[in-house]
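Where does this fold leave empty space inside, and what surrounds that space? The report below takes the enclosed spaces in turn, then a region named in a database record.

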Amino acid sequence: MSARTTATKQKLFDAALKLVGERGAASVTVDEIAAEAGVAKGTIYYNFASKDALVEALLHHGVEILAGRLRSAEGSEDSLEALVDEMLGFWAEYPAFGQLLVSELWRTPGQWHGTLSLLRDDIVSIVRGQMKRLSDAGRLPDGVEVGTASAALFGTLLVIALDWQVFQPERSRAEVRESVMLLVRGMRSAR
């Protein structure tokens, strides 16, 4: 893919994400996305077969960014805290993606439910790897299954990040991260 094509797709992703985050995917038109991106309507159809294809590509793009950030946390000294920090950082940088993800995951079975299930599994599998390492080290409470802990941490961070962005934007990322870590550490000490 050329640098120009990549830049154009990024403009389209940014415009679509902004509008979809504000009003939901079903309420946004191709004309509005093109106007927001500052391109002709045909540019969208040149790069994507339809608005639905653009939204699906946007979902993949966002999850790829998030997955890359979570994988980068794996080698850290406290990889759980690094994972929490990377996820909070992603949601802070892309709050509209969090809104899109929550709204489309909640709409069962929504238009992108199959795609979202696969993408959610990609992210949760990274979190699951971290939870497995904690479990193997005896750092999860007795009886807590790795799969449950993984889904719980992902869901908790998504909801906390949305709450932070919408209702408590004055809090710093570090404050939110430390609150999450106090909760997680409290669970570990409950053994």
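## Second largest cavity

In this predicted model, the second largest cavity is lined by V63, L66, W91, L101, L105, L116, L119, R120, I123 and F154. Three elements each give two or more residues to this lining: α4, α6 (95–106) and α7 (113–136). The largest share comes from α7, with four residues.

The volume of the second largest cavity is about 40 Å³. Its lining splits into nine nonpolar residues, no polar ones and one charged. The charged residue is R120.

## Largest cavity

How much space lies in the largest cavity? About 70 Å³. Its lining consists of Q10, F13, D14, L17, L58, H61, G62, I65, F90, Y94 and F97. Both α1 (3–23) and α4 (51–72) supply at least two of these residues.

By class, the lining of the largest cavity holds seven nonpolar, three polar and one charged residue. The polar group is Q10, H61 and G62. D14 is the charged one.

## Cavity count

How many cavities of 30 Å³ or more does the model contain? The count is two. Helix α4 gives at least two residues to the lining of the largest cavity, and two or more to that of the second largest.

## Annotated region

The unreviewed UniProt entry places a "DNA-binding region" at residues 29–48. Over that stretch the chain is 75% helix and 0% strand. The C-alpha atoms at its ends are 14 Å apart.

Terms used. Residues are numbered from 1 along each chain as its sequence is written. This is a predicted model: local features need pLDDT of at least 70, side-chain atom pairs count only at pLDDT 80 or more; totals for chains, interfaces and linings use all residues. Side-chain values use heavy atoms; hydrogens and water are left out. UniProt positions are given in the numbering used here, feature names are shortened, and annotations may be inferred rather than shown by experiment. On a 1 Å grid over the protein atoms alone, a cavity is a set of points where a 1.4 Å probe fits but cannot get out, and a pocket is an open set with protein on both sides within 12 Å along at least five of seven lines; lining residues have an atom within 4 Å of a point. Grid points are joined across faces, edges and corners, and a volume is the space filled by probe spheres set on the points.
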